[in-house]
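User: Hi! I have a structure open and would like to know where its labels come from. Could you go through it with me?
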Protein chains: 4
Amino acid sequence: MDVVEVVPTFEQYAFTFGGVAPLMRIRPGTALRVWSDDAFCGALQKPTDLSGEKVDLRFVNPQTGPFHVEGAEPGDTLALHFVAMEPARDWGASAAIPFFGGLTSTDRVATLQDPLPDTTWIYELDRARNTVTFAARHTDLEIALPVEPMLGTVGVAPPGGEVRSSLVPERFGGNMDTPQMRPGATCFLGVNVEGALFSVGDGHYRQGEGEACGTAVEGAMTTTLVVELIKGGAPLWPRIEDDTHWMTVGSSRPLEDAWRIGQVELVRWFGELYGLHPMDAYQLLSQITEVPIANVVDANYSTVVKARKSLLPRASAYGGLHDDLRRRAASLL
Amino acid sequence: MDVVEVVPTFEQYAFTFGGVAPLMRIRPGTALRVWSDDAFCGALQKPTDLSGEKVDLRFVNPQTGPFHVEGAEPGDTLALHFVAMEPARDWGASAAIPFFGGLTSTDRVATLQDPLPDTTWIYELDRARNTVTFAARHTDLEIALPVEPMLGTVGVAPPGGEVRSSLVPERFGGNMDTPQMRPGATCFLGVNVEGALFSVGDGHYRQGEGEACGTAVEGAMTTTLVVELIKGGAPLWPRIEDDTHWMTVGSSRPLEDAWRIGQVELVRWFGELYGLHPMDAYQLLSQITEVPIANVVDANYSTVVKARKSLLPRASAYGGLHDDLRRRAASLL
Amino acid sequence: MDVVEVVPTFEQYAFTFGGVAPLMRIRPGTALRVWSDDAFCGALQKPTDLSGEKVDLRFVNPQTGPFHVEGAEPGDTLALHFVAMEPARDWGASAAIPFFGGLTSTDRVATLQDPLPDTTWIYELDRARNTVTFAARHTDLEIALPVEPMLGTVGVAPPGGEVRSSLVPERFGGNMDTPQMRPGATCFLGVNVEGALFSVGDGHYRQGEGEACGTAVEGAMTTTLVVELIKGGAPLWPRIEDDTHWMTVGSSRPLEDAWRIGQVELVRWFGELYGLHPMDAYQLLSQITEVPIANVVDANYSTVVKARKSLLPRASAYGGLHDDLRRRAASLL
Amino acid sequence: MDVVEVVPTFEQYAFTFGGVAPLMRIRPGTALRVWSDDAFCGALQKPTDLSGEKVDLRFVNPQTGPFHVEGAEPGDTLALHFVAMEPARDWGASAAIPFFGGLTSTDRVATLQDPLPDTTWIYELDRARNTVTFAARHTDLEIALPVEPMLGTVGVAPPGGEVRSSLVPERFGGNMDTPQMRPGATCFLGVNVEGALFSVGDGHYRQGEGEACGTAVEGAMTTTLVVELIKGGAPLWPRIEDDTHWMTVGSSRPLEDAWRIGQVELVRWFGELYGLHPMDAYQLLSQITEVPIANVVDANYSTVVKARKSLLPRASAYGGLHDDLRRRAASLL
């Protein structure tokens, strides 16, 4: 399988879902190797680079794309299978941005308090050990942490002519910020506009669930993925399949609504997978789901709801596409 | 180590935290083997037993206890180390109770819609295979699931003279409904009243994160635990330590507030464990926490925030009490 | 009509709903004239009295009561008609208490930020003009504001053996903090325990809707009220009737759930008042309700939902008790 | 003053804020008399017209506009003074749309319950009496209610290249659904793009606070307004001034965050109006604000925070523009 290399210039970065002309047209079945800049457009390079001084908030969370998938129409299902994610720089950056994050008041959780201090942490990458190093700013503690690359942001153009910031997670995917969006996963998204117009970005060298401070170990990323199209079958909300789990992602506020969305979407999917009545799916999932919070910091909060395949009878979604993509991807590694 | 056996009569069941005379006085260091009834007081025994007909809502979530711990004073820390949990019946029960649960309107998420149908599922226990079997009510699907016993409810008497239903998770612990409350875990709770007055109950043979339908595989349980007391050092919110993780549990509404509470409590704990400045703890935890939702169905919603010990330098809480309790517990197995 | 005077000593103050022996037994039909201390037990008397230094948080929101109403049984309806509320001191106090209030992070909306500065404002009462004076602490601005006395806290003992802090608004009433609880209003509460065990307190010389900073113009109050009992008919949530409006109060978190509760309770009440189908009541109320937020600062948030009588056909609740109480009250003024 | 008449064709309706070419370019100071269709594009005309059959959800909440205001630049303040609103049809329509509204589960408050029955109510307008008549669908009750016209939706193009559905209330205004947006009010909105690109629509012949069922008495409307531009001074969130109140509107989820936003914006405005320190504004507003909920049904929930001018020293915003507009408007009536 050939792989199309994509490295956008800054002028080609997309900062919204929808509202941007396609960067490239591709056919279903295409493998891409795409470079994406980090969420700060590379502006934070050392601990003294403060977000308040260096980051232009008009230019955050740049996307590589959008890609127009030939033949994709509203109601279809886009499948993005992530083969590999490789750090494209030797460092990642994280920051406590004033009035942004989960343990601070924000423009929405509005209070009269002062912001937390604008602070930057730089994580050096050790490619040999495959670690990034946390270095405390107030003490000498250093901790090498495994690189576990993921993409914060994967999405398609929204319906109804809307154009949304790349900071938003929604029904169309977007900035879900879940560690589940990692190599080996296939993400299924409903297509809203002709061509689907998907894009990816916001690489994280690692991230805790919740993304508490609002930023992960943000880093430029080279992502290899295979793009497929299923006619029809659009899920209402993003679904993810990997070798071990069936997953859904709900995004809304308050956080319980994000969870409800994800849990109902998985009930729906289990109806498709196992022919289960909604009440039986509700019951079964009540006893087996894993529910890691994705983010509590973005424009919507996101929650993942997962069911472990090894607990369940064998089933197949979208004609076994995930397994097929795994096989195809093997040739790319 | 001797083990004190405790099997309460129905008349001795406690249905509140606080407001109940001690069932027993024990010394720190005591090992207990306590039987607890299931959340329905055993009322649901077959699929045709409906919660609306069989369950007396004045008598749900019975607790075994409270236990008065000698020497415990407000500001102290109670440590409960769970050694073993064994199903005490050959079946567990779960139910979709009208207007109770996460994917239905409730007395709080009030709508004008009809309730979901009152439905009961009985899970037969296979002791040899250590499974409970989900049996769909609308199709023939049956799935044997591993028994993973846990306690939904572990708590002490609240402060300020309050008395709370055993259905409530709060700062004092209570009905947190997290699968993390399992054998091998040590739970640390701040003491609010003389004697601490802790109780346990609400055994689950297994439960998914979120406890979506509001009830787990509810079952009578025999729990072996060791009780210890630390003078002072009361955490603000429940903490759990096991061999692999440092954990906190936040409980409130909306769910993001439960998360905030847990995340801030873990920041605080990391200050104690590693001498980290709050901003550094905030940053470090942002990159490493696992955040499984516990419940989105109780009087408060609960979230667990976990940090994996293997990622971190070695540290010790409460003088290494958890490791010590593990050693002591070994003689009880 | 005779009036029973009640002035408790500090030792007689109640700080919970439930869990306190009756201060007095009264018969239905009794008129009371009760003195209640302010929410700080009088600890803030000048602007240099800071809450962090002067207020003992174990002793806040003192209640006068509880009163045992003879004949009251669970399922009955307690009616409290407020005839008059008179400031009992010549000043009121308000404070920005660290980590308490609506525009700050709190123990629940937990962040890592510093608290707002602990600040006290004293409002001098001008009895002749019937005003209290706001005096800015950072500039010279002074504004005389009309006294509009109300009670923050009116409630009965909760069900299920629970005991709740007087800071809590709930189904049993409690710390709802709505300006609607003023002279001329009749409050209907469901009785949960024998004798109802109601109490009142938390007088406010005036308060804005939302009680943004967490404290009103807190002042000792002398309240004249008439107590009546209706056998049966307990509303699920507090209802208020005055000469102009039908009202309900919902209390929960998040705030939309408080609203849902109140709106559904008013749908229910309109079914009783007008024989309306729930869908018709839902529609009608959608076009006429006034919905002032009560508080966004207490253990639960509270919202009032009101329907203006002048828009509606004449109707009568509880056998016209409110009108009857108005007539009876006239003799007390 | 001349008045520009604007009656769009269906093809000219706008269904988003942003993303639409200007319908017209106008100069600051222009008076407009604009016709807007109802939220259903006139599809519901009799009680048997059900939303599920007649309403095309791609075409709801049509806006008249957008208007390009000459000279308007990002950071400026757009002032829209509403002079008159006149029902443009002889009936209004309201509906309980399945899975839309406040007392039902929705696509966000997702449950497994059945929807409420799809139901339509038609309100006949009596121009002589200036009433619309509620007619119950399940009984014979009819109630004539005063016409109190308002606009549900007033907004400008969002920043950052976003395009938002006309169903969304946000920082840019939009579908706030507050009865305060009525004749006599001046709405101040921050300008985000050149020309401001404002539009109006979603006329309501009357609406209760909260808009409980999700739809008001929806009706085509003829609105007379005067458009002004203030260089600079953009408020962060919508502000409204009328003869009696200073007001702000916050929109987010959960509802407490909408309230926080509005309350903080009014603290900010009081800093401008009275030179008050934020802590003093916080305190003063805590004692005087009226806080009517606007909607609990839209993509964001909205709350209004109001301060009554008669309680306060005289002050003037934006150079006394509101009073000036009132004078100018007098000539249009």
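User: How many residue pairs are in polar contact across the interface of chain A and chain B?

Analyst: The rule finds 38 such pairs, both residues at pLDDT 80 or more. A polar contact is a pair of N or O atoms within 3.5 Å; within protein, one must be able to donate a hydrogen and the other to accept it, and residues adjacent in sequence count only if both atoms are side-chain atoms. This is a predicted model: local features need pLDDT of at least 70, side-chain atom pairs count only at pLDDT 80 or more, and totals for chains, interfaces and linings use all residues. Residues are numbered from 1 along each chain as its sequence is written, chains are lettered from A and ligands numbered from 1 in the order in which they are written, and side-chain values use heavy atoms, leaving out hydrogens and water.

User: Why is Ala299(B) called partly exposed?

Analyst: Its relative accessible area is 42%. Buried means under 20%, exposed over 50%, and partly exposed in between (1.4 Å probe, protein chains only), so Ala299(B) is partly exposed.

User: What is Ala299(B) in contact with, beyond neighbours within four places in sequence?

Analyst: Leu167(B), Val168(B), Pro169(B) and Arg253(B); contact means heavy atoms within 4.5 Å.

User: What makes helix α3 of chain C largely enclosed?

Analyst: 10 of its 11 residues (278-288) are buried, so the rest of the structure largely encloses α3(C). Tyr282(C) and Leu285(C) are among them. The cover includes α2 (255-274) of chain C and β8 (119-126) of chain D. Helices (H or I, at least four residues) and strands (E, at least two) are DSSP runs, numbered from the N terminus.
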